[in-house]
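Here is a friendly briefing to keep beside you while you turn the structure around. It goes from the whole chain down to single peptide bonds.

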Amino acid sequence: MKAAIIGAGPGGLYAALAAVKHNVQVDLFEKRNVGEGIVCGECIFDSLDIMKEPGRGLMHPVDEVVLQGRGCYAFPLGRHRKLWMLDRRSWQQDLARCAVNHGVALYEHTKITPARLLEMKKEYDWIIDASGAPSVTSRLNHFSNDYFKEYLLAHQVVLAGDFSALWPRIKIVFLPDMPADYQPAYAWIFPKDTGRANVGVVCTVRGTLKKDKLDLKKMLAQMISKEGLDGAQVLERGSGMAAAGMLPRLVYDNIILAGDAAGLTSPLHGGGIDMACLSGVLAAEAIVNGGRGVAAYRETLNHYTQEKLALEKVTIQKMKTLNFEQFDDLLGGITSKNIFARFRTALGHLGMFYVTLKWFGTKKKMPDWPV
Ligand SMILES: Cc1cc2nc3c(=O)[nH]c(=O)nc-3n(C[C@H](O)[C@H](O)[C@H](O)COP(=O)(O)OP(=O)(O)OC[C@H]3O[C@@H](n4cnc5c(N)ncnc54)[C@H](O)[C@@H]3O)c2cc1C
């Protein structure tokens, strides 16, 4: 079987590694050099237990998240699910080296256009499109608007400064003046080490973006000032979007979408590295299993993600319906060291408590991760 994979991001790289393991002949096309041009907070919420140990771009696990509302609350999330800080450039370069060593043919600086994709459909048995959002397939098949019906919009900087007080934790700042229409919204400070951090702000856009009402750059500048980071030097700056839900259709003839190209980013926080890796592996397994495997692709994705998405849905609802003070009470309650306070909070938010228990309590046999 001969497969083409478009895009050497997390989705394309995991797809290439999984496909080659199944003896598929893989051509991997990347429009830049692998690891170039990444705009990302570089913190992976490893909800699917993909990562094993630090090394090769996987920097360190994060045990505690500082949640800032009216007060500051410590949430030891690392006890339940792992969070890692990544250096995506070296992580992706290492995955690409590993793929090439296993026989993947990697073509860097090779941009696939919609016209070229049309030709490739005849040359390959299967194509996995992991080109991000909007994907090459969406430009060929005219569905790019699907990514923009509801999406998370982010602006971020990499700062050089003193982050020793926060590192190795990360901080999420909830924004007091953000209207419910733009929720979920938050700002983040993710230290890479004691001297550098990815700092950004994200909010949700539904329908047409009203630029005069939403100035992410200004919001980020205000947050940086409030956090006492005015003196920090800006090393990089970038913006980007993430679709807030799986696209209605994932297969176009012999093309199968993975990662951001499939709309697989968290509607709660916009993170998508875990889902890109998962969908890359599942897309590769689907094509190996032929038409029936591909037909079951969406269902298999749902199987692995439904509990996590159920919790995200309830949390989004809370962010949209509670005012800032009520949301702060919720943060204080769930992070309280006092078991009775936690129990009282759970009783006040029974739906959330139920889906949280279901998510933490569900153990599934994961796919064979290729690395
Ligand atoms: C500001 C911001 C911050 C984020 N922070 C986080 C975070 O902290 N944690 C997290 O989990 N997620 C985060 N995300 C989301 C995360 O970046 C994506 O979900 C993830 O990168 C998806 O991986 P992917 O492989 O599907 O796509 P991508 O990483 O976008 O990779 C697509 C690849 O395809 C290549 N490509 C595109 N078009 C073509 C073409 N025509 N021909 C050939 N190659 C092509 C691109 O160059 C790229 O290398 C963030 C997103 C944004 C916008």
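Helices and strands are runs assigned by DSSP, helices with at least four residues and strands with at least two, and they are numbered from the N terminus. With that in hand, proline 184 can be placed in the loop between β11 and β12 (186-191). Please keep in mind that this is a predicted model.

**The whole chain**

- The chain contains 11 helices and 16 strands.
- Measuring along the principal axes is a handy way to get your bearings: the C-alpha trace spans about 60 × 45 × 40 Å.
- A compact globule of 371 residues would have a radius of gyration near 21 Å, and the chain agrees with this because its own value is 21 Å.

**Domains**

- Domain 1 is made of two stretches, 2-147 + 247-304, while domain 2 covers 148-243 and domain 3 covers 310-361.
- Between the C-alpha centres of domain 2 and domain 3 there are 24 Å.
- Five residues from domain 2 and five residues from domain 3 take part in the contact between these two domains.
- On the side of domain 2 that touches domain 3, four residues are nonpolar and one is polar, with no charged residues.

**The ligand and its shell**

- The ligand is surrounded by 37 residues, and the closest are Gly7, Gly9, Gly240, Gly259 and Gly272.
- Why does the ligand lie between domain 1 and domain 2? Both domain 1 (2-147 + 247-304) and domain 2 (148-243) give residues to its shell, so the ligand sits between them.
- At least two shell residues come from each of α1 (10-21), β3, β10 (150-160), β14 (233-243) and α6 (273-288).
- The largest share is that of α1, which supplies three residues.
- By class, the shell has 16 nonpolar, 15 polar and six charged residues.

**The six-stranded sheet**

- Six strands make up an open sheet with mixed pairing, in the order β8-β2-β1-β9-β16-β15.
- The edges are held by β8 (105-107) and β15 (251-252); each has a single partner strand, so one side of each has no neighbour in the sheet.
- Strand β2 (residues 25-29) and β8 run parallel and are joined by three bridges.
- If you want a spot to look at in this pair, aspartate 27 stands opposite alanine 105 in β8.

**The three-stranded sheet**

- Another open sheet has three strands in the order β3-β7-β4, with antiparallel pairing.
- Here β3 (43-46) and β4 (58-62) are the edge strands, and each has a single partner strand, so one side of each is left without a neighbour in the sheet.
- From one strand to the next, the twist averages 30 degrees.
- β3 and strand β7 (residues 82-86) run antiparallel, with four bridges joining them.
- For aspartate 46, the bridge partner in β7 is lysine 82.
- β3 is worth a second look, as it is also among the elements that supply at least two residues to the shell around the ligand.

**Backbone details to look up**

- Most residues other than glycine have a negative phi, and most peptide bonds are trans.
- Glutamate 42 is not a glycine, yet its phi is positive, at about 60 degrees.
- You will find glutamate 42 in the loop between β2 and β3.
- Which form does the peptide bond from tryptophan 167 to proline 168 take, cis or trans? This bond is cis, with omega near 5 degrees.
- Proline 168 has its place in the loop between β10 and β11 (170-173).
- Glutamine 183 and proline 184 are also joined by a cis peptide bond, where omega is about 0 degrees.
- Proline 184 is the residue placed at the start of this briefing, in the loop between β11 and β12.

Key
Residues are numbered from 1 along each chain as its sequence is written. This is a predicted model: local features need pLDDT of at least 70, side-chain atom pairs count only at pLDDT 80 or more; totals for chains, interfaces and linings use all residues. Two strands pair if DSSP finds at least two bridges between them. Axes are lines fitted to C-alpha atoms, for helices over the stretch in contact, and angles run from 0 to 180 degrees between N-to-C directions. Domain bounds come from an automatic or database domain assignment. Two residues are in contact if their C-beta atoms, placed from the backbone, lie within 7 Å. Ala, Val, Leu, Ile, Met, Phe, Trp, Tyr, Cys and Pro count as nonpolar, Asp, Glu, Lys and Arg as charged, and the others, Gly among them, as polar. A residue is near a molecule or strand if its C-beta atom, placed from the backbone, lies within 6 Å of it. The radius of gyration is taken over C-alpha atoms; the globule rule is 2.2 Å times the number of residues to the power 0.38.
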